[in-house]
Amino acid sequence: MTSDIHFRGPNILICGTPGTGKTTLSKEVAQETCLNYISIGDLAKENNFYCNYDSELQSYELDEDKVIDEIDDIMKEGGNLIDYHGCDFFPERWFDVVFVLRTDNTTLYERLEKRDYSEKKIQENVQAEIFQVLLDEALDSYKPEIVFELQSNTPEDMDENLNKIKNWIQQWKIENKS
Ligand code: DAT
């Protein structure tokens, strides 16, 4: 059973180190299902939900409380697909399942090189992936039985992951008779 009653369908979180393929996969899932896609990065940008700029990390610090306030009502209804690298600040009750994307370090390095990231930022992200920081964060933040690791190295992985998530949604619908 789910952690909460979601009328419009399950709430799914796709997280993982930047470059593992969250946005690409989330958009494909949203296109093929009735889930409402929400990129936390885009939401923050559109609404300026930031506290500080960290010049060393070349990134803005997210105002997590504002993000939660903004979408809590939508999340209570269900049927949302959230795309964000981290996961430890979201209310645990929001999600029915959490997928953590994983990518081999050489592949991830090559993908991040194509972004205008500094060498330091690339290295930090690749290190985080090697030490499975996001997987551990997900396992610490949610019940381990709702956390699934998905390999995301090749286009075939992408297709397989899309099918796995679609199948998971079908199963959820049967179990929750929605
Ligand atoms: P994220 O949203 O996690 O930062 P993304 O969806 O922007 O990642 O993907 C980064 C790049 O890598 C993009 O050019 C698409 C490519 N990519 C992602 N997953 C892939 C996969 N499984 N196979 C091949 N390319 C992939």
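**View 1. Five strands side by side make an open sheet in this predicted model.** Read across the sheet and you get the order E2-E5-E1-E6-E7, with the strands pairing in parallel. Who sits at the edges? E2 and strand E7 (147-151) do, and each of them pairs on one side only. Neighbouring strands in this sheet are turned by 20 degrees against each other on average, if you ignore direction.

**View 2. Here we zoom in on E2 and its partner, strand E5 (residues 80-83).** Four bridges link E2 and E5, and the two pair in the parallel sense. Look for Ile-38: which residue of E5 stands opposite it? That would be Ile-82.

**View 3. Now for a helix lying on strands: H6 rests across strand E6 (97-102) and E7.** Compare the directions of H6 and E6, and you'll find an angle of about 165 degrees between them.

**View 4. This one shows the largest pocket, with about 1,400 Å³ of space in it.** How many residues line the largest pocket? The count is 45, and the ones that lie nearest the centre are Pro-18, Tyr-84, His-85, Tyr-117 and Lys-121.

**View 5. Same pocket, but now we ask what its lining is built from.** Helices H1 (22-32), H2 (40-47), H5 (119-130), H6 (133-141) and H7 (155-176) each supply at least two residues to the lining, and so do strands E2 (36-39), E3 (50-54) and E4 (59-62). That means E2, an edge strand of the sheet, also helps line the largest pocket. As for chemistry, the lining is a mix: 15 residues are nonpolar, 16 polar and 14 charged.

Definitions and conventions: Residues numbered from 1 in each chain as written. Predicted model: local features only at pLDDT ≥ 70, side-chain atom pairs only at ≥ 80, totals over all residues. Heavy atoms only, no water. 1 Å grid on protein atoms, 1.4 Å probe; cavity = no way out; pocket = protein on both sides within 12 Å on 5 of 7 lines; lining within 4 Å. Points joined across faces, edges and corners; volume = space filled by probe spheres on them. Nonpolar A, V, L, I, M, F, W, Y, C, P; charged D, E, K, R; others polar. Pairing = 2+ DSSP bridges. Axes fitted to C-alpha atoms, helices over the stretch in contact; angles between N-to-C directions. Contact = heavy atoms within 4.5 Å.
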